[in-house]
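Open the model in your viewer and keep the sequence panel visible. The tour below goes from one selection to the next.

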Amino acid sequence: MVCLVSRTGRQLQRYNKGRRLVVGCIPYRYKAGGIMNGKTNEDLEVLVVSSQKGPDMMFPKGGWEVDESLKEAARRESLEEAGVLGNVENELGKWRFMSKSNGKYHEGYMFPLFVTEQLDLWPEHNVRRRAWMSVAEAREVCKHWWMKEALDRLVNRLMFGDLDEQDQDTQLVS
């Protein structure tokens, strides 16, 4: 059974030195019959969702709460915002970025989520749009630079295998 209500409020949110910790996923799948062949990503599709506050598109993300692991938070956000279930894979990285809404720094963790099920009804289906698209289309519409970097890391991982250690370092806003 799937819960059809999103968590709300910030009383369970995690913080590190005043920075809110957020977790997101890049939900992905392969077109019917498609597999990564090490040379092209044309068979790869990723799922983006609209912001609750406007038409901007991004990958599902939200606050990491004290009663869950990073991967549990990533799974929950994908269900709440995008209505997809699947396998959360190894972390793509951690980024520090400034929130546009409140001017404060956040730390964001991103994970790939290989989608195994897409729901017709999900907690935020009335306030968000979702769209499967190519990697190139997603890079163009995604509003967050750090999510675009995570997408690049996902594509590199799927095409060429695991990332080098230096690619796992925290990314900072310059």
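Select helix H3, residues 145–160. In this predicted model, the end C-alpha atoms of H3 are 22 Å apart, which agrees with the 22 Å that its 16 residues should span at 1.5 Å a residue. Now colour the buried residues of H3: Trp-146, Met-147, Ala-150, Leu-151, Arg-153, Leu-154, Val-155, Arg-157 and Met-159. Just past the helix, stop at Gly-161, which follows H3 and has a positive phi, near 95 degrees.

Step back along the chain to Cys-142, in the loop between helix H2 (135–141) and H3. Is Cys-142 buried or exposed? Its relative accessible area is 3%, and the cut-off for buried is under 20%, so Cys-142 counts as buried. Show its surroundings: leaving aside residues up to four places away in sequence, Cys-142 touches Met-57, Met-58, Phe-59, Met-147 and Lys-148. Of these, Met-147 is among the buried residues of H3. Then put a distance label between the C-alpha atoms of Cys-142 and Val-49; it should read 9.2 Å, for two residues that are 93 apart along the chain.

Val-49 leads to strand S3 (44–50). Select the strand: 7 of its 7 residues are buried. Show the side chains and look along the strand. Leu-44, Val-46, Val-48 and Ser-50 point one way, while Glu-45, Leu-47 and Val-49 point the other way. In a regular strand the side chains alternate between the two faces of the sheet. Both sets in S3 are buried.

Next, add the partners of S3 one at a time.

- Strand S2 (19–30): S2 and S3 pair in the antiparallel sense over 3 bridges, and the bridge partner of Tyr-30 in S3 is Leu-44.
- Strand S9 (130–133): S3 and S9 run antiparallel and are joined by 4 bridges; the bridge partner of Val-48 in S9 is Ala-131.
- Strand S4 (residues 57–58): S4 pairs with S3 in the antiparallel sense over 2 bridges, with Val-49 opposite Met-58. S3 and S4 form a hairpin with 6 residues between them.

Stay with Tyr-30 and turn to the rings. The model holds 6 aromatic pairs. One of them joins Tyr-28 and Tyr-30, edge-to-face, at 6.0 Å centre to centre with 85 degrees between the planes. Tyr-28 is at 3% relative accessibility and therefore counts as buried, whereas Tyr-30, at 25%, counts as partly exposed. Tyr-28 also pairs edge-to-face with Phe-114, at 5.4 Å centre to centre and 65 degrees between the planes. Because Tyr-28 lies in strand S2 and Phe-114 in strand S8, this pair ties together parts that are 86 residues apart in sequence. Phe-114 is partly exposed, with a relative accessible area of 27%. Select Tyr-28, Tyr-30 and Phe-114 together: they form one aromatic cluster.

A further ring to show is that of Trp-132. The charged end of Arg-29 sits over this ring, 3.9 Å from its centre.

Now select helix H1, residues 70–82. H1 has 13 residues and reaches 18 Å from its first C-alpha to its last, close to the 18 Å expected at 1.5 Å a residue. How many of its residues are buried? The count is 10 of 13, so that H1 is mostly covered. The buried residues include Leu-70, Ala-73, Ala-74 and Leu-79, and also charged ones such as Arg-76 and Glu-77. The buried residues of H1 pack against strands S2, S3, S5 (61–63), S6 (84–88), S8 (105–118) and S9. H1 is followed by Gly-83, whose phi is positive, near 70 degrees.

Finish in the interior. Which residues have the most contacts inside the largest nonpolar core? They are Ile-26, Phe-59, Met-110, Phe-111 and Leu-151, in a core of 41 residues. The largest share of this core, 7 residues, comes from H3. In soluble globular proteins, nonpolar side chains tend to be buried together. Centre the view on Phe-111 and show its contacts. Not counting residues up to four places away in sequence, Phe-111 touches Val-23, Gly-24, Cys-25, Ile-26, Leu-70, Lys-71, Ala-74, Val-88, Glu-89, Asn-90, Glu-91 and Leu-92. Among these, Leu-70 and Ala-74 are buried residues of H1.

Key: Residues are numbered from 1 along each chain as its sequence is written. This is a predicted model: local features need pLDDT of at least 70, side-chain atom pairs count only at pLDDT 80 or more; totals for chains, interfaces and linings use all residues. Side-chain values use heavy atoms; hydrogens and water are left out. A nonpolar core is a set of buried Ala, Val, Leu, Ile, Met, Phe, Trp, Tyr and Cys residues joined through side-chain atoms within 4.5 Å. Buried means under 20% relative accessible area, exposed over 50%, partly exposed in between (1.4 Å probe, protein chains only). Contact means heavy atoms within 4.5 Å. The expected span of a helix is 1.5 Å times one less than its number of residues. Two strands pair if DSSP finds at least two bridges between them. Rings of Phe, Tyr and Trp (its six-membered ring) pair if their centres lie within 6.5 Å; planes under 30 degrees apart count as stacked, over 60 as edge-to-face and the rest as tilted. A charge sits over a ring if NZ of Lys or CZ of Arg is within 6 Å of the ring centre and within 35 degrees of the ring normal.
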